Amino acid sequence: AVVTTQSTGNDRIAVFNHEGCYVKSIGCKGSKMGQFSEPCALQLSGSVLAVLERGNKRIQFICLESDNTVLSTLLLPNITNPCYMVWIKSHDMKDELSGEIVVANENKAYFNTLNVNK
């Protein structure tokens, strides 16, 4: 099991093992693949970590088992200040990036459902 947390003010993700021991950090401040700007929500599904970024208005899907490779990115140009995310996956789907993402802003007033594709 892997536990991840966003490192507030550092624009990176900290990864811990199931015993709570620090394993590694992912990313740094920036707008390139694998970099973050205000990561505000995380969701782990298997070895894939979804990272919602308020600053870059996107979600990056990162494989924790392959040296933090970015598998896919979803841009969120029409959502102001995105900060909440739920990744809805079906257990019978074999594709690790299958399912839907629901994103909301601080007021929880604007929702957007996106299909996750490679």
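# A predicted all-strand chain and its contacts

Both Arg58 and Glu53 are buried. This holds in a predicted model, and the values below are computed from that model. The side chains of these two residues, Arg58 and Glu53, meet in a salt bridge, with 2.5 Å from N to O. The strands that carry or flank such contacts are described next.

## Strands and sheet

The protein chain has 10 strands and 0 helices. Read from the N terminus, its elements therefore run β-β-β-β-β-β-β-β-β-β. Of the 118 residues in the protein chain, 41% count as buried.

Four of the strands can be followed as one sheet. This is an open sheet of 4 strands in the order β4-β5-β6-β7, and the pairing is antiparallel. Its edges are β4 (39-45) and β7 (69-75); each has a single partner strand, so one side of each is left without a neighbour in the sheet. From one strand to the next, the twist averages 20 degrees.

Within this sheet, how many bridges join strand β5 to strand β6? There are 6 bridges between β5 (residues 48-53) and β6 (residues 58-63), and the two strands run antiparallel. One of the residues involved is Val48, whose bridge partner in β6 is Cys63. In general, strands of a sheet pair through backbone hydrogen bonds, either parallel or antiparallel.

## Nonpolar cores

The largest nonpolar core has 16 residues, and those that touch the most other members are Leu52, Ile59, Phe61, Met85, Trp87, Ile101 and Val103. At least two residues of this core come from each of β4, β5, β6, β8 (82-88) and β9 (100-105). A second core, separate from it, has 9 residues, including Ile26, Phe36, Val51 and Leu64. As background, nonpolar side chains tend to be buried together in soluble globular proteins.

## Aromatic pairs

Across the whole structure, a search finds 2 aromatic pairs. One is the edge-to-face pair of Phe16 and Tyr22, at 5.9 Å centre to centre with 75 degrees between the planes. Phe16 is partly exposed, with a relative accessible area of 23%. Phe61 and Trp87 also form an edge-to-face pair, at 5.1 Å centre to centre with 70 degrees between the planes. This pair links distant parts of the chain, since Phe61 is in strand β6 and Trp87 is in strand β8, 26 residues apart. Phe61 counts as buried at 0% relative accessibility, and Trp87 counts as buried at 4%. Phe61 and Trp87 are also among the residues that touch the most other members of the largest nonpolar core.

## Salt bridges

The structure holds 3 salt bridges. They are set out below.

| Salt bridge | N to O |
|---|---|
| Arg58 and Glu53 | 2.5 Å |
| Lys29 and Asp11 | 3.4 Å |
| Arg54 and Glu106 | 3.4 Å |

In the salt bridge between Lys29 and Asp11, the closest N and O atoms are 3.4 Å apart. This pair links distant parts of the chain: Lys29 is in the loop between β3 (22-26) and β4, while Asp11 is in the loop between β1 (2-7) and β2 (12-17), 18 residues apart. Is Lys29 buried or exposed? Lys29 is exposed, with a relative accessible area of 58%, whereas Asp11 counts as buried at 8% relative accessibility.

Arg54 forms a salt bridge with Glu106, and here too a distance of 3.4 Å separates the closest N and O atoms. Arg54 lies in the loop between β5 and β6 and Glu106 in the loop between β9 and β10 (111-115), so the pair ties together parts that are 52 residues apart in sequence. Arg54 counts as partly exposed at 24% relative accessibility, and Glu106 counts as partly exposed at 44%.

## Cysteines

In general, a disulfide is a covalent bond between the sulfur atoms of two cysteines. How many disulfides does this structure have? The count comes to 0 disulfides. Why does Cys83 form no such bond? The closest cysteine sulfur to that of Cys83 is in Cys40, at 5.8 Å, which is too far for a bond, because a disulfide needs the two sulfur atoms within 2.5 Å. Cys83 counts as buried, at 7% relative accessibility. Cys28, in turn, is partly exposed, with a relative accessible area of 39%.

Notes: Residues numbered from 1 in each chain as written. Predicted model: local features only at pLDDT ≥ 70, side-chain atom pairs only at ≥ 80, totals over all residues. Heavy atoms only, no water. Buried < 20%, exposed > 50% of the residue type's maximum accessible area, 1.4 Å probe, protein only. Pairing = 2+ DSSP bridges. Axes fitted to C-alpha atoms, helices over the stretch in contact; angles between N-to-C directions. Core = buried A, V, L, I, M, F, W, Y, C linked by side-chain atoms within 4.5 Å. Salt bridge = Lys/Arg side-chain N within 4 Å of Asp/Glu carboxyl O. Phe/Tyr/Trp six-rings, centres within 6.5 Å; stacked < 30°, edge-to-face > 60°.
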